Amino acid sequence: MPPARTAPATGRIAIVDWRSWPDRVAVLWRRSLRFRTVVLTLALSALAIIVACVWMALAIQSDLLESRQQQVLEDARRATSEVQRTLDSAEPQGNQAQLSSLMGSVQSDLTQQSESDSFAVFRVGPPSSIAPQDFTSGVLIDEDIISSALRDRVQSDPELQWWQYAGLPGANGEVPGIIVGQQFEMPDVGYYELYFAYDLAAASETLLFVQATLWIVGVFLLVMIGGIAWFVLRSVTTPIAEAADTSQKLAAGELNVRLDIHGEDELAVLGRSFNAMADSIESQIKELAELSLVQQRFVSDVSHELRTPLTTIRLAADMINDQREGFDPVTARAAELLNAQVQRFETLLTDLLEISRYDAGSVQLELEPTSLAHLAEDVIASMQQLSDQHGSDVRLVAPGGYSPVDMDPRRVRRIVRNFLGNAIEHGEGRPIVVTVDSDQHAVALGVRDFGLGMRPEDVERVFDRFWRADPSRTRTIGGTGLGLSIALGDARLHGGELAVWSEPGRGSHFVLTLPRRPGTTVSTSPIPVEAGDDQSPPMDALGLTQPIDLSAIVGTDVVPRADRAGETS
């Protein structure tokens, strides 16, 4: 039985391969300059050769047939003239026997004077008792070969010569030929029609030979042109292909690649210019890399060096702040501000140290099985006081995400705190919805606020360091401007991604997506990034079928349903 299965499979593969040829040719056409140029050269050359061969074949055919036609007409005219001369020189004949003998001499003259061995003679006019009988020889024994139209024209004027092309019977079937007709006058009897049949098979064979030679020469020229074009293009496109390959390697980071230079032509000049450009790029990139390393080392060193005096200042600020109740109001307020700014300075140093670790590539994850939904609950509870101060009600909608997933809980918690802190700061005291969901490949968390929102150009830069959508606004919860940049690094370190949607007046939606298995990447998120409604979170996340106002869920408990990935809450 295995052989019976093998044959159909092979046939299907062959069909698939055959059907894929157009796509492969199209890809080769787009990607290969050599292939495209050779095909265009061959196509245009083939068109030129076809036009030239057709024109030459028609010209040769016309000239060959015209020459043969003039030769045939001249031969028929000469033979007819000889016959008429013989008849004019004969003495008057008075009886049928003498006229028949004279007609026999006419037939003999026709055989001797004409190249054709096929001719026919027909009497013109009413029957006569003494007139010799009509006769035919060769292929003209079949009177149907001579058309009635030709006979009418020959009978119309005894001085003119008429002709027509016709198919003549041959040994291997019908062959091309020409029939020539004219009248001659027999004394005492009147006029006779004289027809000659000439075989054009030799001219046709010559024409076929010439045409076949032309087409063979044309194909040979086309092959030669293709070979020459391929050889010439190879000498031109090979350096171009090497330059393209070298530029790709240079773009990929291999700064030491260079082109091999040969000769003094334009391609050599291009190669030298390319190598000079590569040298310049390499030197500039090395300088920038050295400057970046110096900058990273400077930030790291300064951050480390500042931690010791900052710790001392922090202890002193805490002691002063603890004793502020015994100070006068102005000094107490100064002590309170000093303590707050020292705390912010410490946070900034911590973020700078974290950024320097990312730049140096020395960050490592500490993975633990963690429930993203429970982690979100903890973060919301820890920031409850801050949300109350800003008048924002934070609610968790968690259809999924309860089963443990390997992640670094400290870094993921930092991402969620950053999202939620930004939502509270810019949410204008409106409700905030935190959504947690999952599927078979990923878990996701989204933070949706209904506050100010951002313009599209601001959304593109939201993860840049120290960047704010509105520089005139002050930070109300002590952010450093590095939170979202660090969050992006934490997400990518997990193999996940951060996405944001925002519109002015409609708020913002930040979504964190993490893969279920470490070492993999995510392609889609269980939570759609773009919000579908101004007044409510996605209805399918709440398990509802009708739109609702956010005020309807404020003060209520949301019961999580079973996770889509097969987990239970």
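Student: Which residue in E10 does Thr 435 stand opposite?

Tutor: This is a predicted model, where local features need pLDDT of at least 70, side-chain atom pairs count only at pLDDT 80 or more, and totals for chains, interfaces and linings use all residues. Residues are numbered from 1 along each chain as its sequence is written, and side-chain values use heavy atoms, leaving out hydrogens and water. Strand E9 (residues 432-438) pairs with E10 in the antiparallel sense over seven bridges; strands here are DSSP runs of at least two residues, numbered from the N terminus, and pairing takes at least two DSSP bridges. Thr 435 sits across from Gly 446.

Student: And on E12, what's the bridge partner of Leu 445?

Tutor: E10 also pairs with strand E12 (residues 507-515), antiparallel over eight bridges. Within E12, the partner of Leu 445 is Leu 512.

Student: Is E10 largely enclosed or not, and how many of its residues are buried?

Tutor: Buried means under 20% relative accessible area, with a 1.4 Å probe and protein chains only. One side has Ala 442, Ala 444, Gly 446 and Arg 448, the other Val 443, Leu 445, Val 447 and Asp 449, all buried. So the strand is largely enclosed by the rest of the structure, and its buried count is eight of eight.

Student: Which helix gives the most to the largest nonpolar core?

Tutor: A nonpolar core is a set of buried Ala, Val, Leu, Ile, Met, Phe, Trp, Tyr and Cys residues joined through side-chain atoms within 4.5 Å. This one has 39 residues, and Phe 419, Leu 420, Val 434, Leu 445 and Leu 498 touch the most other members. With seven residues, the top contributor is helix H10.

How values were computed
Buried < 20%, exposed > 50% of the residue type's maximum accessible area, 1.4 Å probe, protein only. Helix = DSSP H or I, 4+ residues; strand = E, 2+ residues; numbered from the N terminus.
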